[in-house]
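The exercises below are meant to be worked through with the sequence and the model side by side. Try each task before reading its solution.

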Amino acid sequence: MIENPTNKRCSLVFYLCVMFFPCVEAQQPSNYAIIKPGESPEEIIHKAATVIPSPRQLSWQQMEFIAFVHFGMNTFMDREWGQGNEDPAVFNPTDLDARQWVKVIKDAGMKMLIVTAKHHDGFCLWPSKYTDHNVKNSPWKGGKGDVVSEVAQACREAGIKLGVYLSPWDRHEKSYGDSPTYNEHFRNQLRELLSNYGDIAEVWFDGACGEGPNGKRQEYDWQSYYKVIRELQPQAVIAIMGPDIRWVGTESGYGRETEWSVLPRVSQNLDAIAASSQQDPIAGAYVPGDLMGDDLGSRDKIKTAKSLVWYPAETDVSIRPGWFYHEGQDDLVKTPGKLVDIYYSSVGRNSVLLLNIPPDKRGRISGNDIKALKGLRKTLDQTFSTNLTTGARVIASNERLGHSGASSVDRDAKNYWTTEDGVESATLDIQLARTLTFNRALLQENITVGQRVEAFRLEAWTGKTWREIARGTTIGYKRLLRFPSMTAAKVRVVVERSRTSPTLSAFGLFKAPPNVVIEPYGGSFETETRVRLSTDTKGATVRYTLDGTDPTMRSAKYSTPIVLTRSAILKATAVIGGELCAEPVVARFIRCFSVKSAEFEKPFSPKYAGHGEATIMNGKRASLDLNDKEWLGFLGDDMIATVDLGQARTVSKITAGFLQQQGSWIFLPSAVTFFVSEDKTNWRDVGALKSPIEQTERVLTKDFTCAVDKIKTRYIRVAAKNVGVCPSWHPSAGEKAWLFTDEIFVE
Ligand code: FUL
């Protein structure tokens, strides 16, 4: 069932539950703390506030924005997870250019590139001595190529750090499942990667763990893998299935509003910890099992902890629905607006953003992805290049000697404001150089002394009173806040609660470029619809197009509501001082017949009932979120919908939309058949589309469209075939499968 999906993250969580931590010298301050028996909740909270990142964790956090590059056999097989039996002859990029990858990544402001040296299919992008399943047996460069080496070289030249993804799960390797032999094989591969390609800044172990080619499951010897990494690349952080960096808990790109980097580390072996206190307390320890929970590090979570650890979050998300490149997703690249939103919700919420940009079959990052990244960069530069606190004067309600309030706006990360011992709430009054307009704020704690702030608010002086403009809980390494434009000469940061003396190493105010709002934001209409455009910025005008092209200075200027009488892709942007200054916002409008009523032969599930029958005829498309109220779900049954247009119409196109999210047991229909009828009794089959169900991690929405030759009809029936049960390769094989539909359009 969807409420209890069996997916790879479950195995990730399981392994995190049992994984061990490497030995660390017990010194204070450190990136862990032991709670001694009898310590009060108060003492524990103070202790948590002094746990600090290790030097490698700190350098990693300071990178803020890093790139994932999924490239390999799957790129050529058009899949997300290979089987391991793919022919190396298939791997043949025609124009691989690692320098292009690095340039795109650097231009976007990312500081590291993590390449999938080996994914679950076992194919190695470097000529590994330990397997034949690698580039040397591919036609690419006559078998003389080495992708990892080209990437390493390009990164070195550009000053970009290099990370490697090495999948422990290997569906090709024969020894997989014969635990000691495969563990040695895996360590050998690690040694190759960590010895021959210069400095490695991150090793990324994914949590997926399935059966190997021999049907056996592997017991990973994580400790021995970590040992190899610490020995060969001590500066590298080990992420996800590792002790340094944790998975944020979602692949959506949206981290938690409250994100603590200090978490309880529950021990399985308390006696051992007590006995070895301050020496080698780590063996037998594990981090919380539920990394997907809403709360990992609040007072409530840590008050009963036996030890605490600095374990910061990394937010991994792909710029496309899939991790690997698929031509069919060229139009599904996230928009700059969406990427900006993700940036605020990851980097801006005390996490590092790991954004995946998959090169195509040529071995190059494709145009749509580059365009989206440029749009993201442009908005970030427009927003953050001018810090409006320049020249501000700061008065703190309390400050420690050498750590004045002014340190928070001096642009020197080493200087920071903090309070005297025992002062855990305080205010900073910031007098700006003049009256200014801003709609974004940045706050940074000095995490080299710990993460402390639990609640804060931001106020602006209206001339008469202080008005609250934003509030938040945790700050951590970085917190970004968005709020409606505010004009003021004085602002105030109020730290309401902190675990010990609060710190601020940076405070900034910014003005983001104008945002264009389209109302309604797309949808369908029968004869005409009126669309209003507006911007949140005084003095800005709006230019737009209706054919899907990006607006230019020559495009139509918006003045009165646009009357649409045909389908359109509306793109609008704002202009100030004769310059286009915002990324275009896009909305799709479809002209279609209104459906008067809809009925289903088999009922939809009450669990995913959307707005009832109306869901498929309200003109509103659903998002990729299965909980979106625009979805109707059918469990195990086909979706057979009959819609009534109210009167006979001349129809040329019928479209039905569906969701694929196999991890949640939602499959596309295996076939969709379209029928028409004038009397609802005699039906004529006007077309059918088949869609083979393939194993994939890809989450997407897909429209099944049937073009017909101007048929006059009043009733239309769409019969979508549910796969019935989850196929044999699915972790929940045999369980009832879901079919999700959002809309039927008749044009
Ligand atoms: C997952 C893998 O199964 C996906 O294919 C992808 O590599 C993602 C980043 O990690 O666990």
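Helices, given as H or I runs of at least four residues, and strands, given as E runs of at least two, are DSSP runs numbered from the N terminus. The model is a predicted one.

**Exercise 1. Two residues in loops**

Task: Determine where His326 lies in the chain, whether His326 is buried or exposed, and which residues His326 touches; then do likewise for the position of Asp206.

Solution: Begin with the position of His326, which sits in the loop that runs between β12 (313–318) and α11 (336–346). Next consider accessibility: a residue is buried under 20% relative accessible area, and His326 counts as buried because its relative accessibility is 1%. Then list the contacts, setting aside residues up to four places away in sequence: His326 touches Asp78, Arg79, Glu80, Arg320 and Arg698.

Asp206 can be treated in the same order. Asp206 belongs to the loop between β5 (202–205) and α8 (222–232), and with a relative accessible area of 5% Asp206 is buried. Leaving out residues up to four places away in sequence, Asp206 touches His120, Tyr165, Ser167, Pro168, Trp222 and Met241.

**Exercise 2. Helix α5 and its surroundings**

Task: Describe how helix α5 (residues 98–107) begins, which of its residues are buried, what those residues pack against, and what follows the helix.

Solution: Start at the N-terminal end, where Asp97 acts as a cap, with a side-chain oxygen 3.2 Å from the backbone nitrogen of Arg99. Within the helix, the buried residues are Ala98, Gln100, Trp101, Val102, Val104 and Ile105. These buried residues pack against β2 (65–69), β3 (112–118), α6 (147–158) and α12 (367–384). After the helix comes Gly109, whose phi is positive, near 95 degrees.

**Exercise 3. The nonpolar cores**

Task: Identify the residues that touch the most other members of the largest nonpolar core, and explain where this core lies with respect to the domains.

Solution: The largest nonpolar core holds 79 residues, and the members that touch the most others are Phe91, Trp101, Leu113, Leu190 and Phe205. Helix α6 gives the most to this core, contributing seven residues. Because domain 1 (64–235 + 323–380) and domain 2 (393–510) both give residues to this core, the core lies between them.

To see the surroundings of one member in detail, take Leu113, whose contacts, apart from neighbours within four places in sequence, include Trp101, Val102, Ile105, Val151 and Cys155. A second, separate core has 32 residues, among them Phe600, Phe634, Met639 and Val708.

**Exercise 4. Sheets and strand pairs**

Task: Work out in which order the strands of the eight-stranded open sheet are arranged and why one side of β6 and of β7 has no neighbour in the sheet, then examine some strand pairs.

Solution: The eight strands follow the order β6-β5-β4-β3-β2-β13-β12-β7, with parallel pairing. β6 (237–240) and β7 (246–247) stand at the edges, and each has a single partner strand, so one side of each is left without a neighbour in the sheet. Within this order, strand β4 (residues 161–166) is joined to β5 by three bridges in the parallel sense, and Gly163 has Glu202 of β5 as its bridge partner.

Turn next to strand β25 (residues 541–545), where four of the five residues are buried. β25 runs antiparallel to strand β28 (residues 568–576), to which five bridges join it, and Thr541 is partnered by Val575 of β28. β25 also pairs with strand β26 (residues 556–557), in the antiparallel sense and over two bridges; here Arg543 has Lys557 as its bridge partner.

Strand β31 (residues 597–600) gives a further case, with Ala598 and Phe600 on a covered face and Ser597 and Glu599 on an uncovered one. In a regular strand, side chains alternate between the two faces of the sheet. β31 is joined by four bridges to strand β34 (residues 639–660), and the two run antiparallel; Glu599 stands opposite Thr642.

**Exercise 5. Cysteines**

Task: State how many disulfides are counted, and explain why Cys155 forms none.

Solution: The count is zero disulfides. For Cys155, the closest cysteine sulfur is that of Cys124, and at 19 Å this is too far for a bond. Cys592 is likewise in no disulfide, with the nearest cysteine sulfur, in Cys706, 16 Å away. As to accessibility, Cys155 is buried at a relative accessible area of 1%, and Cys592 counts as buried at 8%.

Terms used: Residues numbered from 1 in each chain as written. Predicted model: local features only at pLDDT ≥ 70, side-chain atom pairs only at ≥ 80, totals over all residues. Heavy atoms only, no water. Buried < 20%, exposed > 50% of the residue type's maximum accessible area, 1.4 Å probe, protein only. Pairing = 2+ DSSP bridges. Contact = heavy atoms within 4.5 Å. Disulfide = S-S within 2.5 Å. Polar contact = N/O pair within 3.5 Å; in protein donor to acceptor, adjacent residues only side chain to side chain. Core = buried A, V, L, I, M, F, W, Y, C linked by side-chain atoms within 4.5 Å. Domains from an automatic or database assignment.
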